[in-house]
Amino acid sequence: MSKIDVVLGLQWGDEGKGKIVDVLAGRYPAVARFQGGPNAGHSLQFDGKSFVVRSIPSGIFREGSVNIIGSGVVFDPTVFREECANVSKMGIVPQEKIVISKKAHLILPTHRLMDAALETAAGKGKIGSTLKGIGPTYTDKVARHGLRVGDILTPDFKDKFEALKARHIREFASLGFECNPEEKEAEWMDAIEFVKGFKLIDCEYFVNGWLEDKPMLAEGAQGSLLDVDYGSYPFVTSSSTTIGGVCTGLGVAPSKVGHVYGIFKAYCTRVGSGPFPTELFDETGEKIRQIGHEFGAVTGRPRRCGWLDLVALKYTVMIDGVTDLIMMKADCLDSFETIKVCTSYMIDGKETKEFPFDTRAEITPVYTEFKGWHTDLTGIRKEKDLPKEFKDYIKFMEDYLGVPITIISLGPDREATIER
Ligand code: IMO
Ligand code: MG
């Protein structure tokens with residue numbers, strides 16, 4: 001019996017999951033997405049080329065890999081078809097490498113419109129959604145009137161589609177929102193025909209059957225602090241981005257889970273609204289944004305930037321049961337005189353190391369400072385060549401978090417990776 005190992009983002013998304021899955025995928029014959037949808041933007045870089053995948057798993061570029069879009073995913077056929085067109089340019093035949101769960105829910109054109117309408121209606125309280133229809137699709141799923149990928153093979157698919165669309169039109173009217181639901185419909189229906197060219201699977205049987213003799217890698221989207229239960233609610237996404245999402249999203253038992261790789265950046269970023277205790281509003285934040293190219297892969301929005309928050313990180317390491325840490329982008333801090341990490345919070349005059357329930361609380365981060373290493377880390381490929389200041393810095397983190405950092409990524413390319 002083989003295991004399913006898991007890659008999870010431990011912050012607010014954009015940790016570099018795409019790169020790491022691409023690196024690890026050389027060792028796993030299958031990669032599965034288990035939640036989220038095209039709100040994800042996973043960047044990969046190799047042989048001088050870069051790609052962004054959104055619903056396609058990041059194993060797609062590895063030879064002979066099988067890439068599973070699991071049951072917990074919300075799936076937009078239009079976006080998927082565009083992505084397939086992109087990877088086809090690399091000589092990949094997507095129909096040979098991607099399978100899709102019949103139980104994944106479909107994002108309709110009206111779900112996307114609803115996302116925009118709800119955000120507009122929320123005004124100042126908006127989530128800062130990527131507007132890909134994620135929230136409204138999960139809402140319909142939980143309310144038990146969603147449409148699933150497997151429905152496209154049933155004779156009354158069109159009727160089911162019309163019924164859901166009619167429901168959405170009524171909701172638009174109640175929000176006083178005008179829309180043209182037919183605008184994107186023909187394109188969407190065409191994309192549905194395209195999806196019929198793929199193998200549609202019973203995900204739970206497929207995954208469990210696979211694990212009888214071959215390992216698999218599960219690729220998380222978003223980050224644990226955007227989890228619908230444990231994230232900074234309500235400023236979260238609508239899926240389970242933490243470890244439990246793997247089991248429900250793919251139909252596998254917890255006993256089948258092996259390594260849990262937790263990815264974090266050496267600083268923090270966030271797109272969209274919501275609390276961010278270590279956010280920097282000064283030139284240091286701007287410097288991180290510029291050096292780290294912290295602009296959204298999907299939306300192009302500038303990301304909010306701040307120092308690494310170990311309180312929040314320890315919280316997600318605990319929830320996810322992380323066995324191996326992967327640190328990204330420390331090279332972006334190469335030129336800093338002083339590097340700070342938040343090791344506790346002051347809330348109402350009390351110091352705590354726990355992530356609070358009320359994320360609106362006034363949180364003052366307490367920092368531990370490190371001397372910068374003033375070395376270009378990007379060319380380093382061996383642990384022994386790392387500067388002492390940097391080694392001290394990562395040792396501190398390992399001690400604080402109680403989990404080893406087994407991979408250090410020092411640049412976007414596949415090759416810029418040190419394994420320890
Ligand atoms: P990857 O997989 C960063 C954020 C949005 C918004 C909130 C809800 O690339 O790390 P949604 O569209 O899901 O309703 O938006 O979550 N968000 C992400 N932030 N990376 C992502 O994905 C994200 N997916 C959603 O900005 O604040
Ligand atoms: Mg992203």
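Below, a biologist asks a modeller about a predicted protein model and its ligand.

Modeller: Some ground rules on this predicted model: local features need pLDDT of at least 70, side-chain atom pairs count only at pLDDT 80 or more, and totals for chains, interfaces and linings use all residues. Residues are numbered from 1 along each chain as its sequence is written, chains are lettered from A and ligands numbered from 1 in written order, and side-chain values use heavy atoms, without hydrogens and water.

Biologist: Which residues around ligand 1 come nearest?

Modeller: There are 20 residues around ligand 1, and Asp14, Lys17, His42, Thr130 and Thr237 come nearest. To be near, a residue needs a heavy atom within 4 Å of the molecule.

Biologist: What makes the approach of His42 to ligand 1 a polar contact?

Modeller: A polar contact is a pair of N or O atoms within 3.5 Å; within protein, one must be able to donate a hydrogen and the other to accept it, and residues adjacent in sequence count only if both atoms are side-chain atoms. A polar side-chain atom of His42 lies 2.7 Å from a ligand 1 oxygen, so the pair qualifies. For Thr237, a polar side-chain atom is 2.6 Å from an oxygen atom of ligand 1. The protein covers 97% of the 560 Å² of accessible area that ligand 1 has on its own. That area comes from the Shrake-Rupley method with a 1.4 Å probe.

Biologist: What makes the pair of Trp12 and Phe276 tilted?

Modeller: Rings of Phe, Tyr and Trp (its six-membered ring) pair if their centres lie within 6.5 Å; planes under 30 degrees apart count as stacked, over 60 as edge-to-face and the rest as tilted. The structure holds 19 aromatic pairs. Trp12 and Phe276 are 5.2 Å apart, centre to centre, with 50° between the planes, so the pair is tilted. The pair links distant parts of the chain, 264 residues apart.

Biologist: How do you know that Trp12 and Phe276 are buried?

Modeller: Buried means under 20% relative accessible area, exposed over 50%, and partly exposed in between (1.4 Å probe, protein chains only). Trp12 has 2%, so Trp12 is buried. Phe276 has 7%, so Phe276 is buried too.

Biologist: Why is the pair of Phe206 and Trp210 called stacked?

Modeller: The planes are 20° apart and the centres 6.0 Å apart, so both values fit a stacked pair. These two residues are four apart in helix H8 (residues 203-210), so about one helical turn separates them. Helices (H or I, at least four residues) and strands (E, at least two) are DSSP runs, numbered from the N terminus.

Biologist: How do you know that Arg414 sits over the ring of Phe46?

Modeller: The rule asks for NZ of Lys or CZ of Arg within 6 Å of the ring centre and within 35 degrees of the ring normal. Arg414 lies over the face of Phe46, at 4.0 Å from the ring centre. Lys314 lies over the face of Tyr400, at 5.5 Å.

Biologist: Why is Lys89 called exposed?

Modeller: Its relative accessible area is 69%, so Lys89 passes the exposed cut-off. Lys89 is found in the loop between helix H2 (77-88) and helix H3 (94-97).

Biologist: What is notable about His374 and the bond of Tyr233 to Pro234?

Modeller: Most residues other than glycine have a negative phi, and most peptide bonds are trans. His374 has a positive phi of about 45°. At 47% relative accessibility, His374 counts as partly exposed. A cis peptide bond joins Tyr233 and Pro234, with omega about 5°.
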